[in-house]
Amino acid sequence: MQVDTLPTMKVSPDTCTGCHMCVLMCSLSRTGEYNASRAFVAVTKRAGLPRKDVPLICRQCADAPCAAACPTSAISRDTRTSAVLVEHQACNLCELCMAACPYDAIFLHDGKLAICDLCGGRPVCVRYCSYGTLEYPLEEEVEELEEDEL
């Protein structure tokens, strides 16, 4: 699958109600507890928008400005899911990737970068977003995209 045809996370901020279900389910699936400070997604208030709640989550940009900004090449892409991944041993925590991210979607947790890894291709946040604010093709749809390219 070519990088420009990889599926991306789609976010519709105008439908976000600020319920934080995406945050809670992300943290639960990762840590076994509801702890918003450990989630790989956040919801923040933004002035000037009709609805002020906006999810901050990696959109899996095709050009991945975070990876381009990384001086140690610690950020790469999973070829199966298109997820942007961090190699923690290579990361020097310079935070240049955080500055380069146009969506403010890279977080620090316990001295490590946290970027949404799409839960292996089936993002929990998408499955529990009742309002359709977060969208990502499920594994079956990704397989169909790959087959269409053959």
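Helices here are DSSP runs of type H or I with at least four residues, numbered from the N terminus. Ser27 belongs to one of these, helix 1, and we'll come back to that serine once the overall layout is clear. Keep in mind that you're looking at a predicted model.

Let's start with the fold as a whole. The protein chain has five helices and eight strands. Walk along from the N terminus and the order of elements reads β-α-β-β-α-β-β-α-β-β-α-β-α. The chain has 150 residues, and 38% of them count as buried. If you take contacts between residues at least 6 apart in sequence, 56% of those join residues at least 24 apart. One pair shows what such sequence separation can look like in space: Pro7 and Cys61 are 54 residues apart along the chain, yet their C-alpha atoms sit 9.1 Å from each other. Pro7 comes in the segment before strand 1, which covers residues 10-11, and the proline is buried because its relative accessible area is 7%, with the cut-off for buried set at under 20%. As for the outside, the accessible surface adds up to about 8100 Å², and carbon and sulfur atoms own 51% of that.

Now for helix 1, which spans residues 21-31 and has Cys22, Val23, Met25, Cys26 and Ser27 as buried residues. What lies over them? The cover for these buried residues includes strand 2 (42-45), helix 4 (124-128) and strand 8 (134-135). Right after the helix you meet Gly32, with a positive phi near 80°.

Back to Ser27, as promised. Its relative accessibility is 0%, so Ser27 counts as buried. A polar atom of the Ser27 side chain lies 3.0 Å from the backbone nitrogen of Asn35. That distance is inside the 3.5 Å limit for a polar contact between N or O atoms. Setting aside residues up to four places away in sequence, Ser27 touches Gly32, Glu33, Tyr34, Asn35, Ala36, Arg38 and Ala39. Gly32, the residue that follows helix 1, is thus also among the residues that Ser27 touches.

On the other side of helix 1, in the loop that joins strand 1 to it, sits His20. This histidine has a positive phi, near 65°, in a residue other than glycine. Is His20 buried or partly exposed? At 31% relative accessibility, His20 counts as partly exposed. Gln60 makes an interesting companion: this residue isn't a glycine either, and its phi is positive at about 60°. You'll find Gln60 in the loop between strand 3 (53-56) and helix 2 (65-69). With a relative accessible area of 1%, Gln60 is buried.

Next, the empty space. How many cavities of 30 Å³ or more turn up in a search of the whole structure? The search finds four. The largest cavity holds about 90 Å³ of space. It is lined by 14 residues, and the closest to its centre are Cys16, Cys19, Cys22, Cys129 and Thr133. By class, the lining splits into 10 nonpolar, four polar and no charged residues. Cys22 ties this cavity back to helix 1, where that cysteine is one of the buried residues.

Thr133 deserves a closer look. This threonine lies in the loop between helix 4 and strand 8, and it is buried because its relative accessible area is 3%. A polar atom of the Thr133 side chain is 3.3 Å from the backbone nitrogen of Cys16. Beyond its neighbours within four places in sequence, Thr133 is in contact with Lys10, Val11, Ser12, Thr15, Cys16 and Pro55. So which pair from this list also stands closest to the cavity centre, as part of a group of five? Cys16 and Thr133 are both named there.

The second largest cavity has a volume of about 70 Å³. Its lining is made of Cys58, Arg59, Cys61, Ala64, Pro65, Cys66, Val84, Cys101, Pro102, Tyr103, Ala105 and Ile106. In terms of class, that comes to 11 nonpolar, no polar and one charged residues. Cys61, the partner of Pro7 in the C-alpha distance given earlier, is one of the lining residues here.

Methods
Residues are numbered from 1 along each chain as its sequence is written. Side-chain values use heavy atoms; hydrogens and water are left out. Helices (H or I, at least four residues) and strands (E, at least two) are DSSP runs, numbered from the N terminus. Buried means under 20% relative accessible area, exposed over 50%, partly exposed in between (1.4 Å probe, protein chains only). Contact means heavy atoms within 4.5 Å. Accessible areas come from the Shrake-Rupley method with a 1.4 Å probe; for residues, only the protein chains shown count as cover. On a 1 Å grid over the protein atoms alone, a cavity is a set of points where a 1.4 Å probe fits but cannot get out, and a pocket is an open set with protein on both sides within 12 Å along at least five of seven lines; lining residues have an atom within 4 Å of a point. Grid points are joined across faces, edges and corners, and a volume is the space filled by probe spheres set on the points. Ala, Val, Leu, Ile, Met, Phe, Trp, Tyr, Cys and Pro count as nonpolar, Asp, Glu, Lys and Arg as charged, and the others, Gly among them, as polar. A polar contact is a pair of N or O atoms within 3.5 Å; within protein, one must be able to donate a hydrogen and the other to accept it, and residues adjacent in sequence count only if both atoms are side-chain atoms.
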